[in-house]
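Reader: Hello! I have this model open and would like a close look at a single part of it. Could you walk me through one of its sheets, and then through whatever lies around that part?

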Amino acid sequence: MKLVQVPETSFAQQAAELIAHHVSERPDLSLTLPTGATPVGLYEVLRREHTAANFSLSRANVFMLDEYADLPTYPRGSFISFLREHLGDVVFNGSTRLHQLLPSLDPDQLRTYDAALDAAGGLDVAVVGVGRNGHVGFNEPGASLESRTNIVTLSRETIHDNFGEVEPQKYPTRAITMGLKDLSNARSILMLVAGTGKRAIANALLDGRAQPDKPATQLLDHPDLTIVMCDSLAS
Ligand code: GLP
């Protein structure tokens, strides 16, 4: 594992450079990108570089990492609207192949998604954030390393972190996520660790032991894992 500990002020730039490096090495790569507060600054950098014609995903396959399955306010609050808002024409440009997960409990969609991943030869790069409880995508504690795209019941903690105090009729209870198998089979993993409440999971990652109740730590054995972490998180 390669650990890049950076001050919060250079986190976005550092992560953007690592992604740009992968894309320059292989412009037609397959990659997955996360949502959340963590990558917002990074996407701003990529968007700027895209506008300046220094960065392009026009030949890439971009796979959504996850999506809510039963979000009552869809598309508001969804992964797809997050991508539209934060990456815009970096991925919505008519050239980038964006593989979408639709809000649905239909098992056929899961198999079709896995087939698309297989047809692309799997992921070249998995960019993942980490939830407070160690979830990656929506692979919650206890998720199997053998799992492929699947529907999960969200933990109370994850619903709270993502939706705060909104009324139950406005938040989802289930999500669709790419599985740990496809993430751990990616040729490279870039894990982004930043934000409040992440000290415990940051230290579990630094500790270096895979723990089933902290899915992010199960990726620690990957041969090409880079963790970009805010230096304020390490105790
Ligand atoms: C969500 C997403 C994850 C993301 C996590 C952390 O639950 N499904 O992909 O990594 O939140 O979010 P944040 O970056 O806001 O801490």
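Author: Happy to! Three strands make up an open sheet, in the order 4-8-7, with antiparallel pairing. Its edge strands are strand 4, residues 66–68, and strand 7, residues 150–153, each of which pairs on one side only. Averaged over the sheet and ignoring direction, neighbouring strands are turned by 25 degrees against each other. Please keep in mind that this is a predicted model.

Let us go through the two pairings in turn. Strand 7 runs antiparallel to strand 8, which covers residues 174–177, and four bridges link the two. You can pick out asparagine 150 opposite threonine 177 of strand 8, while threonine 153 has arginine 174 in strand 8 as its bridge partner. On the other pairing, strand 4 and strand 8 are joined in the antiparallel sense over three bridges. Here tyrosine 68 is found opposite alanine 175 of strand 8. As a general point for viewing, side chains in a regular strand alternate between the two faces of the sheet.

Strand 4 also leads us to the largest pocket. Along with helix 1 (8–25), helix 2 (40–51), helix 3 (79–86) and helix 5 (156–163), strand 4 supplies at least two residues of the lining of this pocket. The largest share, four residues, comes from helix 1. The volume of the largest pocket is about 970 Å³. It is lined by 43 residues, and those closest to its centre are Thr35, Gly36, Ala37, Thr38 and Asn162. For your chemist's eye, the lining divides into 19 nonpolar, 16 polar and eight charged residues.

Two backbone details are worth a look as well. If you follow the chain on from strand 4, the loop between strand 4 and helix 3 holds proline 75. A cis peptide bond joins tyrosine 74 to proline 75, with omega at about 10 degrees.

The other detail is in the loop between helix 2 and strand 3 (61–64), where you will find alanine 53. Phi of alanine 53 is near 60 degrees, a positive value in a residue other than glycine. Alanine 53 counts as exposed because its relative accessibility is 67%, and the cut-off for exposed is over 50%.

To retrace the route in your viewer, begin with strand 8, which pairs with strand 7 and with strand 4. Then go from strand 4 to the lining of the largest pocket, and finish at proline 75 in the loop between strand 4 and helix 3.

Notes: Residues are numbered from 1 along each chain as its sequence is written. This is a predicted model: local features need pLDDT of at least 70, side-chain atom pairs count only at pLDDT 80 or more; totals for chains, interfaces and linings use all residues. Side-chain values use heavy atoms; hydrogens and water are left out. Two strands pair if DSSP finds at least two bridges between them. Axes are lines fitted to C-alpha atoms, for helices over the stretch in contact, and angles run from 0 to 180 degrees between N-to-C directions. On a 1 Å grid over the protein atoms alone, a cavity is a set of points where a 1.4 Å probe fits but cannot get out, and a pocket is an open set with protein on both sides within 12 Å along at least five of seven lines; lining residues have an atom within 4 Å of a point. Grid points are joined across faces, edges and corners, and a volume is the space filled by probe spheres set on the points. Ala, Val, Leu, Ile, Met, Phe, Trp, Tyr, Cys and Pro count as nonpolar, Asp, Glu, Lys and Arg as charged, and the others, Gly among them, as polar. Buried means under 20% relative accessible area, exposed over 50%, partly exposed in between (1.4 Å probe, protein chains only).
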